[in-house]
Amino acid sequence: MDPVLLPHPRTRKPFASPVPPGAGWPGDGAASSTEVARTEGDVVRLATSCGDLVALDATSSVCSACPRLVRWREDVAVTKRRAFREEPYWGRPASGFGDPAATLMIAGLAPAAHGANRTGRLFTGDRSGDWIFAALHRAGVANQPHSVDAADGLRLTGVRMSAAVRCAPPDNKPTPAERDACEPWLRRELELTAGTVRAVLALGAFGWGAVLTVARHLGWSVPRPAPRFGHGAVASLTRPDGVVVHLVGSYHVSQQNTQTGRLTEQMLDEALAHALALSSP
C-alpha cells in the first residue's frame, strides 16, 4: 500500500509519516544515502566520525538504535493526535539546532510525541516550546517568541538547543539503556561546540544528569560529590584544556511545572539570564 501523503502546514509540500530522509522536509539535512545507526556500536562509530554539526545533525536524525523508541515514535506519527490528523508527522529523531557558534547550549530531556516528533524541531509545536522560546525572545537571543514548525523563520543567536535523548519516548520516560545508547550524540555535540560553548542550561534533572555523564566521558573534571540538580543550581566543569563550562539548572518547561507554578516566567528568565551571563566570552 502506498503511504498516505499529507501537506506540510506551512510549505504545503506533501510528505509521508514518518518523513523519509531526503524528502525535502524543512531543515532536514539527511539524505536517502545517510548511514543509519542500528546498534549502540553504530551510534558510537557514526557519532565519532561526524566532523561537524551539519553531519552530526543529519546522521543523528536517522538513528534507529533503540527498537522501543523507533516503534513508539513511528506509531505516534501514523496514529497522530486528532488536532493534527491532517498533517504529516516527522516521526524521526530530533537533532540539535541553533547557532553553530553558540556560547550557550540548552539541554532538554527528549522530543515531545506531538511536538518535535511532529514538527522535526526540538521544543517546536508544543506548550514547552511556547515557554522556552518566549523566554529566549525576552532575553534577546531569539528573533521571535514562538516556534510553530520547522519553516517558521525562527533564528537563535548564541544559543543551541539539544536533548539527552533524540527520540520521543513513551510517557516522556526513556529507559536507562536508551539514555546510554543516545549519549554519544550529545557527547559529540559538546565536542564539536567546544570552541564556543561556555555554559549549558539543563532543563530538568534528566538533562542535568546527562550533561554530567557526558562531561565525565570527555575527561572533564566534575566536582565530587556529584553536583545536585536544583533550579538555579550551578556546577563548574573543567575541561582538560583548562576551560570551564558552567552547568546551570532550571526546572523543566513541562506543562506539569508551568501550570502548577513550580516554574514561573520570572524563574525561567532568571535562570536563563544567569546561564547567558556565564556563557559570555
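**View 1. F123 is a buried residue with an unusual backbone angle for comparison with D171.** F123 is buried, with a relative accessible area of 9%. Here, buried means under 20% relative accessible area, exposed means over 50%, and partly exposed lies in between (1.4 Å probe, protein chains only). This is a predicted model: local features need pLDDT of at least 70, side-chain atom pairs count only at pLDDT 80 or more, and totals for chains, interfaces and linings use all residues. Residues are numbered from 1 along each chain as its sequence is written, and side-chain values use heavy atoms, with hydrogens and water left out. To find F123, look in the loop between α4 (116-119) and α5 (127-138). Helices (H or I, at least four residues) and strands (E, at least two) are DSSP runs, numbered from the N terminus. The phi of F123 is near 60 degrees, a positive value in a residue other than glycine. As background, most residues other than glycine have a negative phi, and most peptide bonds are trans. D171 also has a positive phi, near 55 degrees, and is likewise a residue other than glycine. D171 sits in the loop between β5 (159-163) and α6. Is D171 buried or exposed? With 66% relative accessibility, D171 counts as exposed.

**View 2. Cis peptide bonds precede P18 and P225.** Start at S17 and P18, which are joined by a cis peptide bond with omega about -5 degrees. P18 belongs to the loop between β2 (14-15) and α1 (40-49). Now move along to R224 and P225, where the peptide bond is cis too, with omega near -5 degrees. You will find P225 in the loop between α7 (205-217) and β7 (234-238).

**View 3. Six strands line up in an open sheet.** What is the order of the strands? Follow β3-β5-β4-β6-β8-β7, and note that the pairing is mixed. Two strands pair if DSSP finds at least two bridges between them. β3 (97-98) and β7 stand at the edges, each with a single partner strand, so one side of each has no neighbour in the sheet. At the β3 edge, 2 bridges join β3 to β5, and these strands run antiparallel. One pair to look for is F97 with its bridge partner in β5, M161. Helix α5 lies across β3, β4 (104-108), β5 and β6 (199-203), running at about 165 degrees to β5.

**View 4. β8 pairs with β6 and with β7.** Where β6 meets β8, the strands run parallel and are joined by 5 bridges. A202 has G249 in β8 as its bridge partner. On to β7: 5 bridges join β7 to strand β8 (residues 244-250), and this pair is antiparallel. Which residue of β8 is the bridge partner of T238? That partner is V244, while V234 stands opposite V248 in β8. β7 and β8 form a hairpin with 5 residues between them, and G242 in the turn has a positive phi of about 90 degrees. Of the 7 residues of β8, 6 are buried, so this strand is largely enclosed by the rest of the structure. β7 has a covered face made of A235 and L237, and an uncovered one made of V234, S236 and T238.

**View 5. Helices α2 and α6 pack in roughly antiparallel directions.** The axes of α2 (residues 53-60) and α6 (residues 176-192) come within 10 Å and cross at roughly 170 degrees. That makes α2 roughly antiparallel to α6. Angles under 35 degrees count as roughly parallel, over 145 as roughly antiparallel, 65 to 115 as roughly perpendicular and the rest as oblique. Axes are lines fitted to C-alpha atoms, for helices over the stretch in contact, and angles run from 0 to 180 degrees between N-to-C directions. On the α2 side you can pick out L53, L56, T59 and S60, which meet W185, R188, E189 and L192 of α6; contact means heavy atoms within 4.5 Å. By class, the contact of α2 with α6 has 4 nonpolar, 2 polar and 2 charged residues. Ala, Val, Leu, Ile, Met, Phe, Trp, Tyr, Cys and Pro count as nonpolar, Asp, Glu, Lys and Arg as charged, and the others, Gly among them, as polar.

**View 6. C63 and C167 are cysteines outside any disulfide.** How many disulfides does a search of the whole structure find? The search finds 0, a disulfide being a pair of cysteine sulfur atoms within 2.5 Å. For C63, the nearest cysteine sulfur is that of C167, 6.3 Å away. C63 counts as buried at 9% relative accessibility, and C167 is buried with a relative accessible area of 9%.
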